[in-house]
Each structure stands twice: as C-alpha cells, then as structure tokens.
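This report describes a single protein chain. It begins with one contact between charged side chains and then widens to the chain as a whole.

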Amino acid sequence: MNALVQVAAEESENPLLPPIPELVIGLIAFAIVFFFLAKKLLPNINRVLDERREAIEGGMEKAEATQAEAQQVLEDYRAQLADARHEAARLRQEAQEQGAALIAEMRAEGQRQREEIIAAGHAQIEADRKQAAQTLRQDVGRLATDLAGRIVGESLEDVARQSRTIDRFLDELEAKTNDGSKAEAGR
C-alpha cells in the first residue's frame, strides 16, 4: 500500500508545475538578479552604448567635416594652380617681349657702332689720303725743283717761287686728270 500511496501522490502532482518552495526561491533570486542588472549593469551598458553612438556620430560628422575641408583645400589648390599657370604664362610672355626688345636694342646698338666704325674708317681714310697727297705734293715739288734746277742749270732754292711753281704744276696735273676722268665718264 505504501507503494500505491506513492503512486497516487505522484499522480496528483503536475510535472509541469514546480514545487512552491522552489518557485518562491526562484522568484526571489530572479528579483535580486533583475534588481542588480537594472540598477548597476544596465546603466553602464546604456552609457557605453551612448558613448559608442556619440563616437560613431561624431566620427561621421568629423569625417564629413574633414571631407568638406579636403574638398575646399582641393578647390583652393586647383585655383592656386590655375593662378600659377596664368602667372607663368604672363611671365613667359613678358620674357619673350623683353627678349625681343633686347634683341632689337642690341641690333640698333650694333648698327650704330657699325656706322660709327664706318664713319671713323672713312675719316681715317680721308685723313690718310690728305696726308698722302700732301706728302706726294712735297715730294713731287722737291723732285720737280731738283729736275728743273738741273735742266736750267741753276738752283731754284727760292721757297716762295718753288711753292708757286709746284702748286701750279700739281693744279695743272689734277686738272688734266679730272678732264680725263670726265671724258671717260662721258663715253
């Protein structure tokens, strides 16, 4: 009979329902764990999650700000590069103009120096020709005087007469030379 009472007692208990003392202890343990989680652990978890969310949002804002700043820097760089190219083109144009002006100036200076050299050369040639004519006139006069003195047999040492004779002789000689040149030019 004992065995039957046990079987009957076992049949009256529901296997899905736990015994009441265990249920009360379980509820008290659950409340303690829930209270601990709600007061201590959950605020820390929420704080960490908020910090992460703020860090992520801040990071995204920083990334967007940095990207906007990088875009602005890129635009500034491109503008500076365009300005530098324009400035380089302007400087190159100025250098070409200055080079052309310098070349023109050097050519003008060279032309002026050439003309000065030519003028100096013509002046030197004219001075040499006059000097040669003067020397020739003196030499011819002396030779003519010596020759005339030998022919006449007396000395023609009178300087004034000698100069007049020489000048007249050379003038006649030049006149003949000029007449001969004009006659040849007329042919």
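## A salt bridge and its network

In this predicted model, the side chains of Glu87 and Arg90 form a salt bridge, with an N to O distance of 2.2 Å. The two residues are 3 positions apart in helix α2, so about one helical turn separates them. Glu87 has a relative accessibility of 35% and therefore counts as partly exposed. Arg90, at 38% relative accessibility, is likewise partly exposed, because that class lies between the 20% limit for buried and the 50% limit for exposed residues.

The contact does not stand in isolation: Glu87, Arg90 and Glu94 are linked in a network of salt bridges.

## Further salt bridges in helix α2

The whole structure contains 7 salt bridges. One of them joins the side chains of Arg112 and Glu116, again with an N to O distance of 2.2 Å. Both residues belong to helix α2 and are 4 residues apart, about one turn of the helix. Arg112 is partly exposed, with a relative accessibility of 37%, and Glu116 is partly exposed at 44%.

Another salt bridge connects the side chains of Arg47 and Glu51, where the N to O distance is 3.4 Å. This pair also lies in helix α2, with a spacing of 4 residues, or about one helical turn. Arg47 has a relative accessible area of 43% and is partly exposed; Glu51, at 42%, is partly exposed as well.

## Aromatic pair

The structure holds 1 aromatic pair. Its members are Phe30 and Phe34, whose ring centres are 6.2 Å apart and whose planes meet at 20 degrees, so the pair is stacked. The assignment follows because planes under 30 degrees apart count as stacked.

Phe30 and Phe34 are both located in helix α2, 4 residues apart, about one turn of the helix. Phe30 is exposed, with a relative accessible area of 56%. Phe34 is also exposed, at 53%, because the cut-off for this class is over 50%.

## Nonpolar surface and annotated region

A nonpolar patch of about 600 Å² lies on the surface. The residues that make this patch are Val33, Phe36, Leu37, Leu41, Leu42, Ile45 and Leu49. Leu49 is part of helix α2, which covers residues 20-152. With a relative accessibility of 47%, Leu49 counts as partly exposed, since exposed residues must be over 50%.

An unreviewed UniProt entry carries the annotation "transmembrane region" for residues 20-38. In the model, this span is 100% helix and 0% strand. The C-alpha atoms at the two ends of the span lie 26 Å apart.

## Overall fold and surface

What secondary structure does the protein chain contain? The chain has 3 helices and 0 strands, and its pattern along the sequence is α-α-α.

The protein chain has 187 residues, of which 3% count as buried. Its accessible surface comes to about 16600 Å². Carbon and sulfur atoms account for 61% of that area.

## Confidence of the model

The average pLDDT of the protein chain is 83, and 83% of the residues score at least 70. Which elements have the lowest and the highest mean pLDDT? Helix α1, residues 2-12, has the lowest value at 56, whereas α2 has the highest at 89. Where pLDDT is low, the predicted coordinates should not be read in detail.

Methods: Residues are numbered from 1 along each chain as its sequence is written. This is a predicted model: local features need pLDDT of at least 70, side-chain atom pairs count only at pLDDT 80 or more; totals for chains, interfaces and linings use all residues. Side-chain values use heavy atoms; hydrogens and water are left out. Patches are made of residues with over 30% relative accessible area and no salt bridge: like charges are joined within 9 Å, nonpolar side chains (Val, Leu, Ile, Met, Phe, Trp, Tyr) within 5 Å. Accessible areas come from the Shrake-Rupley method with a 1.4 Å probe; for residues, only the protein chains shown count as cover. A salt bridge is a side-chain nitrogen of Lys or Arg within 4 Å of a carboxyl oxygen of Asp or Glu. Buried means under 20% relative accessible area, exposed over 50%, partly exposed in between (1.4 Å probe, protein chains only). Rings of Phe, Tyr and Trp (its six-membered ring) pair if their centres lie within 6.5 Å; planes under 30 degrees apart count as stacked, over 60 as edge-to-face and the rest as tilted. UniProt positions are given in the numbering used here, feature names are shortened, and annotations may be inferred rather than shown by experiment. pLDDT is the predictor's confidence in each residue, from 0 to 100.
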